[in-house]
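Morning, everyone. One structure today, and a short tour. Please have the viewer open.

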Amino acid sequence: MEHVCNLDDIEHESAREFQKDGQPVVVAKFDGQVHAYINWCPHLGIELNFMPDEFMDSDKQFIMCANHGALFEVQSGNCLSGPCMGEKLVPVQVEVRGDEIWLGEVPEPA
Ligand code: FES
């Protein structure tokens, strides 16, 4: 595990990107929980965002892929709508230690 940021570094109901093991990881703070996924859309295997740290849809309910609008449930990474419906984001193990966010090893995306 590696300390990548603190809870205060991410706004509520939003997400930011951090580098871990040479890969971009999206860390989201949502509904009082922290979730992390590789920044890798299962549709085309490319990054989700166009703008830095812009990962949520306009209602801040889902992680959204800017390429073709796929929506992913923040808690599970499941794609609920869009061209990769039924697939999911690749999770990264995340632990909150006090006010610190730690990430586990980043797997290779499929
Ligand atoms: S690349 Fe993400 S929806 Fe197409």
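I will go through one central strand, then a sheet, then the aromatic rings.

A caution before we start: this is a predicted model.

Let's begin with strand β3. It covers residues 23-30. How many of its residues are buried? Eight of the eight, so β3 is largely enclosed by the rest of the structure.

Now look at which way the side chains go. Gln23, Val25, Val27 and Lys29 point one way from β3. Pro24, Val26, Ala28 and Phe30 point the other way. Both sets are buried. Note that Lys29 is among the buried residues here.

Take Gln23, in β3. Why does Gln23 count as buried? Its relative accessibility is 12%, and the cut-off for buried is under 20%. What does Gln23 touch, leaving out residues up to four places away in sequence? The list is Phe18, Ile38, Val106, Pro107, Glu108 and Pro109.

Next, the partners of β3. On one side of the sequence we have strand β2, residues 14-20. β2 and β3 pair in the antiparallel sense, over seven bridges. To find the register, go to Ser14: it stands opposite Lys29 in β3. The hairpin of these two strands has two residues between them. There, Asp21 takes a positive phi near 55°.

Then strand β4, residues 33-38. β3 and β4 also pair in the antiparallel sense, here over six bridges. Phe30 stands opposite Gln33 in β4. This hairpin, too, has two residues between the strands. Asp31 is the residue with a positive phi, near 55°.

Let's move to the open sheet. Three strands form it, in the order β1-β9-β8, and the pairing is antiparallel. Which strands stand at the edges? β1, residues 2-6, and β8, residues 94-97. Each has a single partner strand, so one side of each is left without a neighbour in the sheet. Neighbouring strands of this sheet are turned by 35° against each other on average, direction ignored.

Zoom in on β1 and strand β9, residues 100-103. They pair in the antiparallel sense over four bridges. Glu2 stands opposite Leu103 in β9.

Last, the rings. How many aromatic pairs does the structure hold? Zero. There is a charge over a ring, though. The charged end of Arg97 sits over the ring of Trp102, 4.1 Å from its centre. Arg97 falls in β8, residues 94-97, and Trp102 in β9, residues 100-103.

That's the tour. Over to you.

Methods
Residues numbered from 1 in each chain as written. Predicted model: local features only at pLDDT ≥ 70, side-chain atom pairs only at ≥ 80, totals over all residues. Heavy atoms only, no water. Buried < 20%, exposed > 50% of the residue type's maximum accessible area, 1.4 Å probe, protein only. Contact = heavy atoms within 4.5 Å. Phe/Tyr/Trp six-rings, centres within 6.5 Å; stacked < 30°, edge-to-face > 60°. Lys NZ or Arg CZ within 6 Å of the ring centre and 35° of its normal. Pairing = 2+ DSSP bridges. Axes fitted to C-alpha atoms, helices over the stretch in contact; angles between N-to-C directions.
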